[in-house]
Amino acid sequence: MSGLSLTLTPIAIVHSPYKEKFSVPRQPDLVQDGTGIIELLPPYNQPECVRGLAQFSHLWIIFQFNKVPTGKWSPTVRPPRLGGNQRIGVFASRSTYRPNPLGLSKVELRHIECQHGKVLLHLGAIDLVDGTPIFDIKPYLAYADNQPNAKSGFAQDKPIHQLHVTFSEQAQNTLQKIEKNRPHFQRFITEVIAQDPRPAYQQKKLSDRIYGIRLHEFNVRWKMQENSLNEVIVLNIEEVTVSL
């Protein structure tokens, strides 16, 4: 229908360990240490706005794929789960390149913090980039939203870890120094890389390319082991200095 339009205003932003979209898991709950926080923005940062929400264990959140170029979409896409070489309709996928760059994610709500004028929703594992705008939050209803026998097309089963991750001596030494402030950071890095964040077209090729991912305040550099398609070595872990 012509003439219909809607202007959306973010009600919240996400605080996430994922500083760029390359490192983000393709679904929540795939990386146990990749937890996040939703911070409500004014004028929605009122305890009244979340009254009763703590009675729910999970939430639906509607967000913007704000790292995707505006207007860049295609009627067909190539999902990584299909090897990146088979096209399906954009509406049969969860591709970020959509006519309207909106995403939907089911997340665990662990607890709510209301203090010092802030309302923070502490979440379990998420699949969102740091700073992602949130447009709406809805409670997950088990009786209505859970369909154990539902068909899920090409993604019926949870993806298995594809890569085996090891750490260089230099990376291990760095982990020992930061483990007090970042407990389980080695496990976090391992689970993120094991999902294989590379584009599908690169996953079946031998390569000596060095990759970098931003996790929390660190840049993690890694590459495939020589002559291997599933063995990874983390080369080094460097703290990123953010200039003000």
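In strand S8, Pro-133 is the bridge partner of Ile-13. The model is predicted. Ile-13 has a second bridge partner in strand S2, namely Glu-39. Ile-13 belongs to strand S1, which covers residues 12-15.

S1 runs antiparallel to S2, residues 35-40, and four bridges join the two. S1 also runs antiparallel to S8, residues 133-139, with two bridges between them. The side chains of S1 alternate. Ala-12 and Val-14 point to one face and are buried. Ile-13 and His-15 point to the other face and are not buried. Ala-12 reappears below, in a nonpolar core.

The UniProt record, an unreviewed entry, places the feature "domain: TsaA-like" at residues 8-149. That span is 35% strand and 3% helix. Its end C-alpha atoms lie 34 Å apart.

Now turn to the nonpolar cores. In soluble globular proteins, nonpolar side chains tend to be buried together. The largest core here has 26 residues. Phe-185, Ile-189, Ile-193, Leu-215, Trp-222, Val-234 and Ile-237 touch the most other members. Strands S9 (164-167), S10 (210-215), S11 and S12 each give two or more residues to this core, as do helices H2 (169-178) and H3 (185-194). H3 supplies the largest share, six residues. A second, separate core of 21 residues includes Ala-12, Leu-109, Leu-121 and Ile-126.

H3 deserves its own look. Seven of its ten residues are buried, so the helix is mostly covered. The buried residues are Phe-185, Phe-188, Ile-189, Glu-191, Val-192, Ile-193 and Ala-194. They pack against S9, H2, S10, S11 and S12. Just after H3, Asp-196 takes a positive phi of about 60°.

Trp-222 is one of the core residues that touch the most other members. Leaving aside neighbours within four places in sequence, Trp-222 is in contact with Phe-22, Ile-193, Pro-197, Arg-198, Arg-209, Ile-210, Tyr-211, Ile-213, Val-232, Ile-233, Val-234 and Leu-235.

Next come the aromatic rings. A search of the whole structure finds seven aromatic pairs. One of them joins Phe-22 and Tyr-211. The ring centres are 6.1 Å apart and the planes stand at 20°, so this pair is stacked. The pair links distant parts of the chain, 189 residues apart. Phe-22 sits in the loop between S1 and S2, and Tyr-211 in strand S10. Phe-22 is partly exposed, because its relative accessible area is 25%. Tyr-211 has 6% relative accessibility, so it counts as buried.

Another pair is formed by Phe-185 and Phe-218. Their centres are 5.4 Å apart, with 45° between the planes, and the pair is tilted. Phe-185 lies in helix H3 and Phe-218 in strand S11, so the pair ties together parts that are 33 residues apart in sequence. Both residues are buried. Ring pairs link these two with Tyr-18 and Phe-188 into a cluster.

The last stop is a loop. Ser-228 lies between strand S11 (218-224) and strand S12 (231-239). Its relative accessible area is 10%, so Ser-228 is buried even though it lies in a loop. A polar atom of the Ser-228 side chain lies 2.9 Å from the backbone nitrogen of Glu-231.

Technical notes. Residues numbered from 1 in each chain as written. Predicted model: local features only at pLDDT ≥ 70, side-chain atom pairs only at ≥ 80, totals over all residues. Heavy atoms only, no water. Buried < 20%, exposed > 50% of the residue type's maximum accessible area, 1.4 Å probe, protein only. Pairing = 2+ DSSP bridges. Polar contact = N/O pair within 3.5 Å; in protein donor to acceptor, adjacent residues only side chain to side chain. Core = buried A, V, L, I, M, F, W, Y, C linked by side-chain atoms within 4.5 Å. Contact = heavy atoms within 4.5 Å. UniProt positions renumbered as here; feature names shortened; annotations may be inferred. Phe/Tyr/Trp six-rings, centres within 6.5 Å; stacked < 30°, edge-to-face > 60°.
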